Amino acid sequence: MTKRKIRYVRQKSHKMNKSTKWVIGHQITPKETTGDYDLVIGETPAHVPGPPPHYHEKYSEAFIVIEGEMDFVIDGQPRTVVAGESVDLPPGTLHTFSNNSDSACKWVNIHSPKGFLEFFEQMGVSTEEDGAFEKSVDDKLIQKVIQQAPQFDMVITMGAPHPSE
């Protein structure tokens with residue numbers, strides 16, 4: 001029997017993590033992994049919309065709500081996900097999400113295989129910058145996200161038909 005070395009990574013509070021960024025209104029903190037997946041902890045303030053409807057051609061994606069609730073639209077079907085519940089999105093699943101509640105929502109997001117973390121790095125605004133949240137939802141940055149999304153396997157539909165249609 002082969003012994004595996006288990007690695008525990010202790011990280012400081014996500015509010016102090018220098019890699020924490022605001023990405024289109026969502027605070028994203030990446031976590032180190034040894035597997036072929038990206039993992040982030042997200043926090044969405046109350047009444048913050050999510051990204052434009054999109055899908056990934058190669059990524060599977062999962063969300064686990066750990067505090068509060070998040071509203072999803074998955075392949076045109078609305079669904080509210082509360083703390084303790086999860087959403088599994090295979091490649092090609094059209095989706096978006098938003099926090100329509102009066103409280104912040106905390107969640108875990110996983111993309112597999114590894115690689116989507118680069119989107120958060122490139123499109124995010126460091127929490128250390130003054131006005132980071134506001135900068136992350138500025139129209140110029142939103143347009144940049146829309147224009148550059150295909151580079152990160154994020155196919156934004158914006159009224160275009162889903163490939164399954």
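Which side chain of opposite charge is nearest to Asp 38, and how far away is it? In this predicted model, the nearest such side chain belongs to Lys 114, at 4.1 Å. Asp 38 is buried, yet has no salt bridge. A salt bridge requires a nitrogen-to-oxygen distance within 4 Å.

Asp 38 belongs to strand β3, which covers residues 38-44. Its side chain reaches a backbone atom: the nitrogen of Leu 117 is 2.9 Å away. Beyond its neighbours within four places in sequence, Asp 38 is in contact with several residues. Among them are Asn 109, Ile 110 and His 111. Lys 114, Gly 115, Phe 116 and Leu 117 are also contacts of Asp 38.

The chain as a whole has 165 residues, of which 41% are buried. It contains three helices and twelve strands. About 9600 Å² of the chain is exposed, and carbon and sulfur atoms supply 52% of that area. Among contacts with a separation of 6 or more, 69% link residues 24 or more positions apart.

Seven of the strands form an open sheet. Their order is β8-β5-β10-β3-β2-β1-β11, and the pairing is antiparallel. Strands β8 (86-89) and β11 (125-126) stand at the edges with a single partner strand each, so one side of each has no neighbour in the sheet. Within the sheet, β5 (residues 60-67) pairs with β10 (residues 105-112) through seven bridges. Ile 64 stands opposite Val 108 in β10. In a regular strand, side chains alternate between the two faces of the sheet.

Another antiparallel pair is formed by β6 (residues 69-74) and β7 (residues 77-82), joined by six bridges. Glu 69 has Val 82 of β7 as its bridge partner. The two strands, β6 and β7, make a hairpin with two residues between them. In the turn, Asp 75 has a positive phi of about 50°.

Is Leu 89 buried or exposed? Leu 89 lies in strand β8, an edge strand of the open sheet. Its relative accessibility is 1%, so Leu 89 counts as buried, the cut-off being under 20%. Ala 62 is 27 residues away from Leu 89 in sequence, but the two C-alpha atoms are 5.8 Å apart in space. Leaving aside neighbours within four places in sequence, Leu 89 is in contact with Tyr 59, Ser 60, Glu 61 and Phe 63, as well as with Ile 74 and His 95.

Terms used
Residues numbered from 1 in each chain as written. Predicted model: local features only at pLDDT ≥ 70, side-chain atom pairs only at ≥ 80, totals over all residues. Heavy atoms only, no water. Pairing = 2+ DSSP bridges. Helix = DSSP H or I, 4+ residues; strand = E, 2+ residues; numbered from the N terminus. Buried < 20%, exposed > 50% of the residue type's maximum accessible area, 1.4 Å probe, protein only. Contact = heavy atoms within 4.5 Å. Areas by Shrake-Rupley, 256 points an atom, 1.4 Å probe, with all protein chains shown as cover. Lys, Arg positive; Asp, Glu negative; His and termini not counted. Polar contact = N/O pair within 3.5 Å; in protein donor to acceptor, adjacent residues only side chain to side chain.
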